[in-house]
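Take a walk through this chain, from its overall layout down to single residues. Keep the sequence beside the coordinates as you read.

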Amino acid sequence: MANTVEWPLRLSLVEEDGTTTARVVLRTRNATFTGHGTARRSPEDPDVPEIGDEIAAGRAMRDLAGQLLRTADDELEGVGAAPPRRERRAAYGWTSEPA
């Protein structure tokens, strides 16, 4: 049997002095998550507010997505269904990949 759920999402954007901040709030059945994002316009760039909105909103939603995935990982671990955690070590040298 199919199950459909809707989660309301609220996105707020504020632009001031070349900086756009975004706040996205997601309410699920069990929790409320808040993601934040910021975009700063370089003084040399043209003033196009829509671009700052898109960047700040995208960053806020990426922050929100990370929170949701971490929560799901923790809940999976709580029921014994999570894969083993990989040890994270600091990378050395010029690589952009974790060691």
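**From a loop to the core**

Start at a single polar contact: the T28 side chain comes within 3.3 Å of the backbone nitrogen of N30. The model is predicted, so local features are described only where pLDDT is at least 70. T28 sits in the loop that joins β2 and β3. Setting aside residues up to four places away in sequence, T28 touches W7 and F33. Both names return below.

Now step back to the whole chain. It has one helix and three strands. Read from the N terminus, the order of elements is β-β-β-α. The chain has 99 residues, and 18% of them are buried. Its accessible surface is about 8,300 Å², and carbon and sulfur atoms account for 51% of that area. Take the contacts with a sequence separation of 6 or more: 31% of them join residues 24 or more positions apart.

Go inside next. Which residues form the largest nonpolar core? There are eight: A22, V24, L26, F33, A39, A56, A60 and L64. Three elements each contribute at least two of these residues: strand β2 (19-27), strand β3 (32-40) and helix α1 (49-78).

L26 is a good member to follow. Residues up to four places away in sequence are again left out. L26 then touches W7, P8 and L9, and also A31, T32 and F33. Its list ends with L64 and L68. F33 and L64 are fellow members of the core. W7 and F33 are also the two residues that T28 touches from its loop.

Move to helix α1, where A57 lies. Is A57 buried or exposed? A57 counts as buried because its relative accessibility is 7%, under the 20% cut-off. Its contacts beyond four places in sequence are L11, L13 and A22. The contact with A22 spans a sequence gap of 35 residues, yet the two C-alpha atoms are 5.4 Å apart. A22 belongs to the largest nonpolar core.

Further along the sequence is Q67, also in helix α1. Q67 has a relative accessible area of 18%, so it too counts as buried. Which residues does Q67 contact, once neighbours within four places in sequence are left aside? They are F33, T34 and G35. F33 thus appears again: in the core, and in the contact lists of L26, T28 and Q67.

Turn to the surface. L9, L11, L13 and M61 make a nonpolar patch of about 330 Å². Strand β1 (residues 9-16) gives the most to this patch, with three residues. L11 is in that strand. Why is L11 called partly exposed? Its relative accessibility is 38%, and the class runs between 20% and 50%. L11 and L13 of the patch are in contact with the buried A57. L9, another patch residue, touches L26 of the core.

End at the loop between β1 and β2, where D17 is found. D17 is not a glycine, yet it has a positive phi of about 55°. D17 is exposed because its relative accessible area is 73%, over the 50% cut-off.

Terms used: Residues numbered from 1 in each chain as written. Predicted model: local features only at pLDDT ≥ 70, side-chain atom pairs only at ≥ 80, totals over all residues. Heavy atoms only, no water. Patch = residues over 30% accessible without salt bridge, like charges linked within 9 Å, V, L, I, M, F, W, Y side chains within 5 Å. Areas by Shrake-Rupley, 256 points an atom, 1.4 Å probe, with all protein chains shown as cover. Salt bridge = Lys/Arg side-chain N within 4 Å of Asp/Glu carboxyl O. Helix = DSSP H or I, 4+ residues; strand = E, 2+ residues; numbered from the N terminus. Buried < 20%, exposed > 50% of the residue type's maximum accessible area, 1.4 Å probe, protein only. Core = buried A, V, L, I, M, F, W, Y, C linked by side-chain atoms within 4.5 Å. Contact = heavy atoms within 4.5 Å. Polar contact = N/O pair within 3.5 Å; in protein donor to acceptor, adjacent residues only side chain to side chain.
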